[in-house]
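Biologist: I'd like to practise reading a model feature by feature. Could you take me through one?

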Amino acid sequence: MRGNKRLVAIGAAASAAALVLSACGGTDPGSGGEDASAWVLTGGSEATFRSSFETWNSDNADQEIATDWFANDAYKEKIRTAVGSGSAPTLIFNWAGGALTDYVGNDDVVDLTSRTKELQERLVPSVLESGKIDGKLYAVPNNNAQPVILFTNNKVLEGAGVDGPPTTFDELLDDVAKLKRAGVDTPIALAGQSQWPELMWIQYLADRVGGPETFNAVIDGKPDAWSSPEMLKALGMITQLVDAGAFGDKFGSVVADANADAALLHTGKSGMLLQGAWTYSNFLTDAPDFADSGDLGFANFPSVEGGKGDPANIVGNPANFWSVSAKASKEQQDTAVDYLNDAMWDEKYVDELIKNGGVPVTVGAEDKIAGSDQAPFLTFAYDMVKNAPNFQLSWDQALPASQAQALLTNLSQLFLGQKTPEQFAKAMNDAS
Amino acid sequence: MTVADRVREPRQSTSPPARPRPRRLGPSLWMSAPAMGFFAFFAVVPLAGVVILSFTTWDGLGTPEWAGTANWTSVLSDPVTQHAITLSVILTVASWLVQCPTSLLLGVFMAGRQRYRAVYSVLLFLPLLFSAAAVGIAYKSLLDPNFGLGTALGIDSLNQDWLGDPSLSMPMLVFVIAWCFIPFHSLLYQAAARQIPRSMYEAATIDGAGRMTTFFHITLPQLKNTIVTSSTLMIVGSLTYFDLIFVMTNGGPGNATRVMPLDMYLRGFRSYDMGGAAVVGVLLVVVGLAVSYLLNRLGGSSRMDSQMEGL
């Protein structure tokens, strides 16, 4: 009996050990003889990605690409460890910027400059630029451009005696005052709880005041770049807006993930909203009546008098990108590059993207857009992207990860009035 | 082990008939091998890994590089960490002050056998069924200043900047965390209060004790061990609490709710400073273990005296 018991225990221990060992093994997508793989994000351009990969796999049975699908946050946490441990998929979905710089620095992704020549000719140059590091192309755009746009509720603006969106910063301040007087408590909707929408304001203001150089100095690691006179002026303008009550007094509880900021605009509680182009599709689903009524306006960010930046410059996410893993086998890399050259941004891809309300990043898409259901908005956004001398990637993506989080926290404190522009600049200089 | 033995020693020598020590009671120690194996593999090994990681710099890519004590000095002198430590202490103390008395009173109330109390108990336990993420998202929507509860009910004073005002966000978190955990602790107190023999209350009533007197002189002392257990769970739980705060405020506004576990997460998985995150992790483990050990010693639960001597 006793011996029997011991036997059972040892058996259990052994099976536990076996379990543990098998859990560690895992798979190694990097080894040869396997299909190329891609990890793709759900939501957003999911439909376009799905149809593209399905078409590719049915047309190229010998070069299949296996896909795994992830939600945004889950993906961001998983991909870095996967790349770091050499078990990344062949096609690495990314946002260019700081993370791509890290990948390139560790030789995790391959140089695509000469292998995707033909594809590059089809793409808008300002977007393509984001995938380059030191002049070499490491990432190619794979979905719609997401410029940041000033959305307006024209009915609310008219009710306060404001005609059309502001074209200069002073006009913006005037409009805020007029809206306040007309009883609009939150003239501009801002999702302060989510923090990243606050970034859009400083990105545009810094560009309008000092041009792209203002932030490029930060990226290039110039000492005290955050306390340049241009940056301080832009930061001061944020304080000016907050003090004028432009965002109301409760913006800190407004959540962008739940589209509460967009809701403020379409329910007429706010007159303006600075958000990414993707918000347009939220209006289409959440408030179709508002989107169709003609009350929804869209404009580029106002200019700043005496500022150095070109008012046609835009900020936002130029697109999402594909990079090819350097750890993948030769065959897998070839499959991935063939896919990028042959299947990305063909007619069908562009059609699919436009159908889903996305702004394509290919040149010469005007006709396709003009024929779509959402022609006015898509034409506006497409022209904005195509004509932009500079498309600044969102700062939290452009900066190394170590600084991005500090930026969001400090910026949130600036908006709350817990930090002055000088204190913000000092904290950021220290963090970089 | 040794401490506990020493405490128990005099007791054994005074117990009258010196029974021969039984060779071994219960099943073979081998039965615990799978559990020990899992514990070693999933707790001890990762813990050692974290300690080693705290002396390296690693951004998640490439290989970790030895950094000596650089992480420790930089993290400990970082005002963000110091702020996080203060916030963790505040959250822990505030949570305990809110949860402990409330759940004790509710638990004793629910220990009564009346029908309406049973109905109330069932309703009170509902929060136990919800996941923290769901609770967080629901509360975020309820607390929205423009489209939340205040607007729905038409009560303007409920339309505060609950999660966006640095002075309101922490009290709000303490409230929601209490909402989630009071049912669980009430359950503990309810069970413990039902264990108290009725004869004690009967005797006290005969002696002329009122409700308040019986509560303070019978119920409360009888619940002593439960108070220690529940407080340990509350305090260690609040020190390491993460999910609800992550969903509701993500450390914001600014740094106002960036408690230690969140600081660890943001360092590790947002800033990719794995070394710095490991330092915060080690701090949490040390503090958590020390606090639970101290509570056990102070509460005297290592002796676990019977509270019912003479019955």
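Modeller: We'll go through a strand, a helix, the domains and the chain contact. Keep in mind that this is a predicted model.

Biologist: Let's start with strand S7 (residues 146–153) of chain A. How many of its residues are buried?

Modeller: For burial, you count neighbours: 20 or more other C-beta atoms within 10 Å makes a residue buried. Eight of the eight residues of S7(A) pass, so the strand is largely enclosed by the rest of the structure. Look at both faces, too. Gln146(A), Val148(A), Leu150(A) and Thr152(A) point one way, while Pro147(A), Ile149(A), Phe151(A) and Asn153(A) point the other way, and all are buried.

Biologist: And which strands does S7(A) pair with, in what sense?

Modeller: To read pairing, follow the bridges. With strand S9 (residues 272–276) of chain A there are five, in the antiparallel sense, and Val148(A) sits opposite Gly276(A) there. Strand S10 (residues 296–299) of chain A also runs antiparallel to S7(A), joined by four bridges; Leu150(A) has Ala299(A) as its bridge partner. Strand S11 (residues 314–317) of chain A adds two antiparallel bridges, with Gln146(A) opposite Asn317(A).

Biologist: Now a helix. How far does H20(A) reach from its first C-alpha to its last?

Modeller: Compare the span with the expected one. H20(A) has 15 residues and reaches 22 Å, close to the 21 Å expected at 1.5 Å a residue. H20(A) is mostly covered, with 13 of its 15 residues buried. Just after the helix, Gly417(A) takes a positive phi of about 80 degrees.

Biologist: What are the domains of chain A?

Modeller: Check the bounds for split segments. The assignment gives domain 1 (36–145 + 318–392) and domain 2 (147–316 + 400–431). Their centres, taken over C-alpha atoms, are 28 Å apart. The contact takes 17 residues from domain 1 and 21 residues from domain 2. On the domain 1 side, the largest share, five residues, comes from H18(A). By class, that side has 11 nonpolar, six polar and no charged residues.

Biologist: Last one: how many residues of chain A are in contact with chain B?

Modeller: The size of an interface is often given as the accessible area lost when the parts come together. Here we'll use residue counts instead. 40 residues of chain A are in contact with 36 residues of chain B. On the chain A side, helices H1 (2–25), H3 (72–84), H12 (260–266) and H20 (401–415) each give two or more residues. H1(A) gives the most, with nine residues. The chain A side divides into 17 nonpolar, 14 polar and nine charged.

Definitions and conventions
Residues numbered from 1 in each chain as written. Chains lettered and ligands numbered in written order. Predicted model: local features only at pLDDT ≥ 70, side-chain atom pairs only at ≥ 80, totals over all residues. Contact = placed C-beta atoms within 7 Å. Nonpolar A, V, L, I, M, F, W, Y, C, P; charged D, E, K, R; others polar. Buried ≥ 20, exposed ≤ 12 C-beta atoms within 10 Å, placed from the backbone. Pairing = 2+ DSSP bridges. Expected span 1.5 Å × (residues − 1). Domains from an automatic or database assignment.
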